[in-house]
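This report introduces a protein chain to a reader who has not met it before. The sequence and the structure are shown first, and the description follows.

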Amino acid sequence: RRGRCWRARTARRRRGSAGWLVSRAVPRRALLAGWYIALVTPPALGLAASGTLGWLAVSGRETTPPLLAYVLALAAVAAAALAGLALGALVAAWLSPIRAAAVALAACAVVAAVALLVPVAAPYLPAAGPLAVAALPEASRPVGDALRATGIGLAFTAALLAIARVAWERT
């Protein structure tokens with residue numbers, strides 16, 4: 001036997017809100033943004049801390065990279081991490097959380113493997129961020145390489161988040 005409450009929850013679920021979870025209707029795009037921000041904060045803090053420690057470790061050497069190039073290379077790593085989280089948000093629109101995490105992890109591993117095994121493709125993938133940090137001492141154009149890697153990572157992030165928003169609105 002199903003009553004009015006069941007029909008109201010079903011209607012809210014079809015309409016695209018998460019009202020069936022809480023007493024007030026919350027648009028799914030707000031849930032997507034909230035989860036994304038919640039998942040971005042810990043890696044951002046960890047990257048800031050590790051970047052500071054990394055700079056302190058390399059700043060005393062004779063082949064110290066320029067500070068701007070180092071910061072931009074860390075921004076490229078952050079953009080690659082954002083792209084991975086955006087991929088997870090996209091896959092989570094269709095799969096259960098455990099399966100979505102597994103698929104996102106496998107996809108990120110494939111991108112990293114392609115970047116390492118096919119050096120020609122590496123500058124055009126989101127994995128170019130960590131590679132830019134690794135190649136910073138030998139890079140002929142460290143600022144340009146880091147900016148390109150950051151832009152590619154952010155472009156992938158924007159595209160994946162746009163597709164994820166559409167996918168979440170349709171599910």
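Is Thr 64 buried, partly exposed or exposed? With a relative accessible area of 28%, Thr 64 is partly exposed, because the range for this class runs between under 20% for buried and over 50% for exposed. The model discussed here is a predicted one.

## Overall architecture

The chain contains six helices and zero strands. Its pattern along the sequence therefore reads α-α-α-α-α-α, with every element named there a helix. Of the 171 residues in the chain, 31% are buried. Among contacts with a separation of 6 or more, 60% join residues 24 or more positions apart. The accessible surface of the chain amounts to about 10,900 Å², and carbon and sulfur atoms account for 69% of that area.

## The loop between α2 and α3

Thr 64, the residue of the opening question, is located in the loop between α2 and α3. Two polar contacts of its side chain involve backbone oxygens: that of Val 58 lies 3.0 Å from a polar atom of the Thr 64 side chain, and that of Ser 59 is reached at 3.3 Å. When neighbours within four places in sequence are left aside, Thr 64 is in contact with Trp 55, Val 58 and Ser 59. A residue from elsewhere in the sequence can also be placed relative to this loop: the C-alpha atoms of Thr 64 and Pro 137 are separated by 7.2 Å, although these positions lie 73 residues apart along the chain.

## An aromatic pair between helices

Trp 55, already named as a contact of Thr 64, takes part in an aromatic pair. A pair of aromatic rings is described by the distance of the centres and the angle of the planes. The count of such pairs in this structure is one. Trp 55 and Tyr 70 form this pair, with 5.3 Å from centre to centre and 45 degrees between the planes, and the arrangement is tilted. Trp 55 belongs to helix α2 (residues 28-58) and Tyr 70 to helix α3 (residues 67-92), so the pair ties together parts that are 15 residues apart in sequence. Trp 55 counts as partly exposed at 22% relative accessibility, whereas Tyr 70 counts as buried at 9%.

## Helix α6: buried positions

Helix α6 covers residues 142-170 and includes Ala 146. Ala 146 is buried, with a relative accessible area of 1%. Not counting residues up to four places away in sequence, Ala 146 touches Ala 69, Leu 72, Ala 73 and Ala 76. The C-alpha atom of Ala 146 is 9.4 Å from that of Leu 131, which is 15 residues away along the chain.

Thr 157 is also placed in helix α6, and it is buried at a relative accessible area of 6%. The side chain of Thr 157 reaches the backbone oxygen of Ala 79 at 3.4 Å. A polar atom of the same side chain lies 3.0 Å from the backbone nitrogen of Ala 83. Apart from neighbours within four places in sequence, the contacts of Thr 157 are Tyr 36, Ala 79, Leu 82, Ala 83 and Ala 86.

## Salt bridges

Side chains of opposite charge can pair when their charged atoms come close. The structure holds two salt bridges, listed below.

| Salt bridge | N to O distance |
|---|---|
| Asp 145 and Arg 141 | 3.5 Å |
| Asp 145 and Arg 148 | 3.7 Å |

Arg 141, Asp 145 and Arg 148 are thereby linked in a network of salt bridges. Arg 148 and Asp 145 are three residues apart in helix α6, so about one helical turn separates them. Asp 145 counts as partly exposed at 23% relative accessibility, and Arg 148 is partly exposed as well, with a relative accessible area of 31%.

## A nonpolar surface patch

Which residues make the nonpolar surface patch of about 600 Å²? The patch is made by Val 110, Val 114, Leu 116, Leu 117, Val 118 and Val 120. One of these residues, Val 118, is found in the loop between α4 (97-117) and α5 (128-134). Val 118 is partly exposed, with a relative accessible area of 38%.

Technical notes. Residues are numbered from 1 along each chain as its sequence is written. This is a predicted model: local features need pLDDT of at least 70, side-chain atom pairs count only at pLDDT 80 or more; totals for chains, interfaces and linings use all residues. Side-chain values use heavy atoms; hydrogens and water are left out. Patches are made of residues with over 30% relative accessible area and no salt bridge: like charges are joined within 9 Å, nonpolar side chains (Val, Leu, Ile, Met, Phe, Trp, Tyr) within 5 Å. Accessible areas come from the Shrake-Rupley method with a 1.4 Å probe; for residues, only the protein chains shown count as cover. A salt bridge is a side-chain nitrogen of Lys or Arg within 4 Å of a carboxyl oxygen of Asp or Glu. Helices (H or I, at least four residues) and strands (E, at least two) are DSSP runs, numbered from the N terminus. Buried means under 20% relative accessible area, exposed over 50%, partly exposed in between (1.4 Å probe, protein chains only). Contact means heavy atoms within 4.5 Å. Rings of Phe, Tyr and Trp (its six-membered ring) pair if their centres lie within 6.5 Å; planes under 30 degrees apart count as stacked, over 60 as edge-to-face and the rest as tilted. A polar contact is a pair of N or O atoms within 3.5 Å; within protein, one must be able to donate a hydrogen and the other to accept it, and residues adjacent in sequence count only if both atoms are side-chain atoms.
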